[in-house]
Amino acid sequence: MDNPIRTVLGPDGMHMEQEFGSLRWDVLTGEVSTVFGGPGDGLRMVTRPDGTSVTEQQVGNMRFSPDRGTETIF
């Protein structure tokens, strides 16, 4: 499968998510964020379900964003 479900560990605990196209789906809550840019692009714009937009950076299996802090992707 090209877009596997992955586990993400962050300051707010652990959740599972899947990205397909420009959407990031939280498997546990059902919330969907819109993501502009690919993981290899460096900085990405993310619009959260509540309408806020943030810039996040992913380096390897670490993801950094101002609203969620540092997350580890497994």
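**Salt bridges in a predicted barrel**

Counting the salt bridges in this structure, which is a predicted model, gives a total of ten. The general idea is simple enough: side chains of opposite charge can pair when their charged atoms come close. A few of these pairs are worth walking through, starting with Arg24.

Arg24 makes a salt bridge with Glu56, and here the closest N and O atoms sit 2.6 Å apart. Glu56 belongs to strand 6 (residues 53-59) while Arg24 belongs to strand 3 (residues 23-26), so this pair ties together parts that are 32 residues apart in sequence. Are the two partners buried or exposed? Glu56 has a relative accessible area of 1%, so this residue is buried. Arg24 comes out at 4% and is therefore buried as well, since the cut-off for buried is anything under 20%.

Arg24 has another partner in Glu17: a salt bridge joins these two residues, with 3.8 Å between the closest N and O atoms. Once again, both Glu17 and Arg24 are buried.

Next up is Arg48, which forms a salt bridge with Asp67; for this pair, the closest N and O atoms are 2.8 Å apart. Arg48 is found in the loop between strand 5 (43-47) and strand 6, and Asp67 in the loop between strand 7 (62-65) and strand 8 (69-73), so the bridge ties together parts that are 19 residues apart in sequence. How do these two partners fare for accessibility? Arg48 has a relative accessibility of 6%, so it counts as buried. Asp67, on the other hand, reaches 40% and therefore counts as partly exposed, because that label covers values between 20% and 50%.

Which residues end up joined into one network by salt bridges that share partners? The members are Arg6, Glu17, Glu19, Arg24, Arg44, Glu56, Arg63 and Glu71. Arg24, Glu17 and Glu56, met above, are among them.

Now for the strands themselves. Eight of them close into a barrel, following the order 1-2-3-4-5-6-7-8, with antiparallel pairing. Going from one strand to the next, the twist averages 35 degrees. As a general point, strands of a sheet pair through backbone hydrogen bonds, either parallel or antiparallel. Strand 3, home of Arg24, offers an example: strand 3 pairs with strand 4 (residues 32-36) in the antiparallel sense, over three bridges. Within this part of the barrel, Trp25 stands opposite Val32 of strand 4.

Key
Residues are numbered from 1 along each chain as its sequence is written. This is a predicted model: local features need pLDDT of at least 70, side-chain atom pairs count only at pLDDT 80 or more; totals for chains, interfaces and linings use all residues. Side-chain values use heavy atoms; hydrogens and water are left out. A salt bridge is a side-chain nitrogen of Lys or Arg within 4 Å of a carboxyl oxygen of Asp or Glu. Buried means under 20% relative accessible area, exposed over 50%, partly exposed in between (1.4 Å probe, protein chains only). Helices (H or I, at least four residues) and strands (E, at least two) are DSSP runs, numbered from the N terminus. Two strands pair if DSSP finds at least two bridges between them. Axes are lines fitted to C-alpha atoms, for helices over the stretch in contact, and angles run from 0 to 180 degrees between N-to-C directions.
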